[in-house]
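Reader: I have a protein model open and would like to learn how to read it. Could you walk me through it?

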Amino acid sequence: MFFPTEKSGRPMSRLLRRGAFIAFEGIDGSGKTTQVRRFAQKLRERQIPVRTTAEPTTGPIGAMIRQSFSGRTEFDDRVIAALFVADRLDHLTNKFDGVFKLVNDGQTVVTDRYYLSSYAYHASEVDIDWIAAANSINTNIIRPDLTIFIDIEPAVALQRITENRLIADRFEVLPRLEAARENYFHAFDLVKGTENIVIVSGEQGEDELADIIWKEAEATMESFNW
Ligand code: TYD
């Protein structure tokens, strides 16, 4: 994270004059999208200015990714991996509503997926050193102040997905979900010491989980000038 400094060049006080950047991660069917919404709602109730975002984004590179997921265009898996890195860079830097601009304007940004998704979903197709190097361009711009990982057994996730939708997308077959979960844990080992990651169980009621996430996030939130 780039911390703004006062004109004198001295670091700012303990309370940071920017918004927090909080990432939610988890395999498909983990319930993270619901929890992002609930977490943002809790922030709003406390008058904390908040924006929610997601990857893939709704921007032009995110649109290319979705076209490929829907089968309208076909890209090599390595192209998809690279597109996600580019989409993320646009997510952070675009002048209109990029994360970097928003947090520096004092908004707290809650994102549904960030760079650890690259490890989770592309480590089987591209070299993990490439993933680390390619994503360093993003983490050098901004690291999450907190990452919430919602953990769920892949079989439970798949059951939820099939109950809620008629067709599972390309990532929603059991071996793929299992690989993603394994890759996440491998990534957590790799980034240990550089990231503030909290793992919560997604196999509990929606309300209970929302409360646990809120409690886990409170310590991080206290560092911010709200
Ligand atoms: P998801 O969060 O499931 O979006 P939605 O709620 O719209 O389905 O993300 C869509 C898919 O994108 C998901 O299967 C994981 C995949 N993905 C990657 O393969 N690489 C990435 O870097 C990211 C961010 C997502």
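Author: Gladly, and let us begin with a term: two strands pair if DSSP finds at least two bridges between them. Keep in mind that this is a predicted model. Here strand β2 (residues 50–54) and β3 pair in the parallel sense, over five bridges. Within that pairing, Ala 54 stands opposite Asp 112 in β3.

Reader: Which strand does β1 join, and by how many bridges?

Author: Strand β1 (residues 21–25) is joined to β3 by four bridges, and the two run parallel. On that side, Ile 22 is the residue opposite Val 110 in β3.

Reader: Which way do the side chains of β3 point?

Author: The general idea is that side chains in a regular strand alternate between the two faces of the sheet. In this case Thr 108, Val 110 and Asp 112 point one way from β3, while Val 109 and Thr 111 point the other way.

Reader: And are the residues of β3 buried or exposed?

Author: Buried means under 20% relative accessible area. By that cut-off, five of the five residues of β3 (residues 108–112) are buried. For the chain as a whole, 46% of the 226 residues count as buried.

Reader: How many helices and strands does the chain have, and in what order do they come?

Author: There are nine helices and five strands. Starting at the N terminus, the order is β-α-β-α-α-α-β-α-α-β-α-α-β-α. A contact means heavy atoms within 4.5 Å. Of the contacts between residues at least 6 apart in sequence, 76% join residues at least 24 apart.

Reader: Now the ligand, please. Which residues come nearest?

Author: A residue is near the ligand if one of its heavy atoms lies within 4 Å of it. There are 15 residues around the ligand, and Asp 28, Lys 32, Arg 88, Arg 113 and His 122 come nearest. By type, the shell holds five nonpolar, three polar and seven charged residues.

Reader: What do the polar side chains do there?

Author: Look at N and O atoms within 3.5 Å of each other. An N or O atom in the side chain of Asp 28 is 2.7 Å from an oxygen atom of the ligand. A polar side-chain atom of Arg 113 also lies 2.7 Å from a ligand oxygen atom. For His 122, a side-chain N or O atom is 2.7 Å from a nitrogen atom of the ligand. On its own the ligand has 550 Å² of accessible area, and the protein covers 85% of that.

Reader: Which helix gives the most to the shell?

Author: That is α5, with four residues. Helices α2 (60–70), α3 (77–93) and α5 (116–122) each supply at least two residues.

Conventions. Residues numbered from 1 in each chain as written. Predicted model: local features only at pLDDT ≥ 70, side-chain atom pairs only at ≥ 80, totals over all residues. Heavy atoms only, no water. Buried < 20%, exposed > 50% of the residue type's maximum accessible area, 1.4 Å probe, protein only. Polar contact = N/O pair within 3.5 Å; in protein donor to acceptor, adjacent residues only side chain to side chain. Areas by Shrake-Rupley, 256 points an atom, 1.4 Å probe, with all protein chains shown as cover. Nonpolar A, V, L, I, M, F, W, Y, C, P; charged D, E, K, R; others polar.
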